[in-house]
Amino acid sequence: MEIPSPAQDVVAEYQRRIEDALPGFVDSLHLTGSIAMCAYRHGRSDIDFVTVTKAALNGFDTTSLANIHAAMPEIPMLDGLYVTAAQLCDNGIGHFIRATDGEVHTVHDRLPVMTRYELHHHAVTLKGRTPQAHGLCVDSNDVNEWLRDNLNGYWTDYAEHLRGAVHGRALEDPVNPEAVTWAATGPQRLHYTLATGSVISKQEALDYAKQQFPCTDTDLLDRSLGWRDAGTGSFTVSDAYKAADHIDSVVEASVSLVTCDDAEA
């Protein structure tokens, strides 16, 4: 697939920098997220990546990566992970590097199950072996468990947090657009994956919400799409309550959802 030109320039610069600083370090490079789903919006989207390294990272490698990411453009931002091929295929806890907001951090955890899932089903491989060629596989039970836990945990808590943040304020008062649009675009993506075994972008998720959750205010969804696309528009306390109600609807609909086994590889 063709990478949008602004992102293509950043990816090319990243590849040059990492080869100059750490020659032979990269086994393979994969893009996920909005680029892989043809939903990239310049100025709104990050470049999500997973770099598979030929060996475990040492202190020199980590310092070099920190310097590389600190020097990269802020728009679009590179946001991703550094793992070995063994870590990619092993669901056990280990050390890997996360790069976000121009900084790198060592993480001691399992590689996120949805990262593994996206790599298996939606990755764009720019260099080296595909994730499947590395031996990556994803168990549908792990995916479904993560999706349900995230809906019943993170998203339920987010709805309550959103209501608490605007409690007592006038319904017409302005609120942070990011807080509202995140609630209006995020949870139904998990519902979609539970139902179909596939992944959709935030933009596609808004159309999905109109089909599956007709009680959600369609004007709110349309304005959320406009904000996601162009960063324009405004939202109020009333919108925040509607977005929180939308989360509740998605979580409730997911409880009895029969999961799809297509996630298993």
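## Salt bridges

In this predicted model, the structure holds 12 salt bridges. One of them pairs E19 with K127, whose closest N and O atoms are 3.9 Å apart. E19 belongs to helix α1 (residues 5-21) and K127 to strand β6 (residues 124-127), so this contact ties together parts that lie 108 residues apart in sequence. Both ends of the pair are partly exposed: the relative accessible area is 35% for E19 and 33% for K127.

A second salt bridge links R163 to E160, with 3.0 Å between the closest N and O atoms. Here the partners are three residues apart in helix α7, and are therefore separated by about one helical turn. The accessibility of the two residues falls into separate classes. R163, at 17% relative accessibility, counts as buried, because the limit for a buried residue is under 20%. E160, at 47%, counts as partly exposed.

A third salt bridge is formed by D173 and R169, and its closest N and O atoms are 3.9 Å apart. D173 is partly exposed, with a relative accessible area of 26%, and R169 is likewise partly exposed, at 34%. Salt bridges with shared partners also join E160, R163, D245 and D248 into one network. The E160 and R163 pair described above thus has its place in this network.

## The largest nonpolar core

In soluble globular proteins, nonpolar side chains tend to be buried together. In this model, the largest nonpolar core comprises 37 residues, of which V143, L151, L162, V180 and I247 touch the most other members. At least two residues of this core come from each of the helices α5 (113-122), α7 (140-166), α8 (177-185), α9 (187-196), α10 (202-212), α11 (218-230) and α12 (237-255). The greatest contribution is that of α7, which gives eight residues.

Helix α7 thus appears in two settings: it supplies eight residues to the core, and it also carries the salt-bridged residues R163 and E160.

## Strands β3 and β4

Y82 is located in strand β3 and counts as buried, with a relative accessibility of 1%. I97 is located in strand β4 (residues 94-100) and also counts as buried, at 4% relative accessibility. The C-alpha atoms of I97 and Y82 are 5.0 Å apart in space, while the two residues are 15 residues apart in sequence.

Y82 can also be related to L65. These two residues are 17 residues apart in sequence, and their C-alpha atoms are 9.7 Å apart.

## A negative surface patch

D46, E74, D101 and E103 form a negative surface patch. Within this group, E74 is placed in the loop between α3 (59-71) and β3 (78-84). With a relative accessibility of 64%, E74 counts as exposed, because exposed residues are those over 50%.

D101, another member of the patch, is found in the loop between β4 and β5 (103-109). D101 is exposed as well, with a relative accessible area of 60%.

## Backbone features

Most residues other than glycine have a negative phi, and most peptide bonds are trans. Against this background, two residues and one peptide bond deserve mention.

D101 has a phi near 55°, a positive value in a residue other than glycine. This residue of the β4 to β5 loop is therefore marked both by its backbone angle and by its exposed position at 60% relative accessible area. C38 also has a phi near 55°, again positive in a residue other than glycine. The location of C38 is the loop between α2 (33-36) and β2 (47-53), and C38 is exposed, with a relative accessible area of 63%.

The peptide bond between I75 and P76 is cis, with an omega of about -10°. P76 is situated in the loop between α3 and β3, and E74 of the negative patch is found in the loop between α3 and β3 too.

Methods:
Residues numbered from 1 in each chain as written. Predicted model: local features only at pLDDT ≥ 70, side-chain atom pairs only at ≥ 80, totals over all residues. Heavy atoms only, no water. Patch = residues over 30% accessible without salt bridge, like charges linked within 9 Å, V, L, I, M, F, W, Y side chains within 5 Å. Areas by Shrake-Rupley, 256 points an atom, 1.4 Å probe, with all protein chains shown as cover. Salt bridge = Lys/Arg side-chain N within 4 Å of Asp/Glu carboxyl O. Lys, Arg positive; Asp, Glu negative; His and termini not counted. Charge placed at Lys NZ, Arg CZ, Asp CG, Glu CD. Helix = DSSP H or I, 4+ residues; strand = E, 2+ residues; numbered from the N terminus. Buried < 20%, exposed > 50% of the residue type's maximum accessible area, 1.4 Å probe, protein only. Core = buried A, V, L, I, M, F, W, Y, C linked by side-chain atoms within 4.5 Å.
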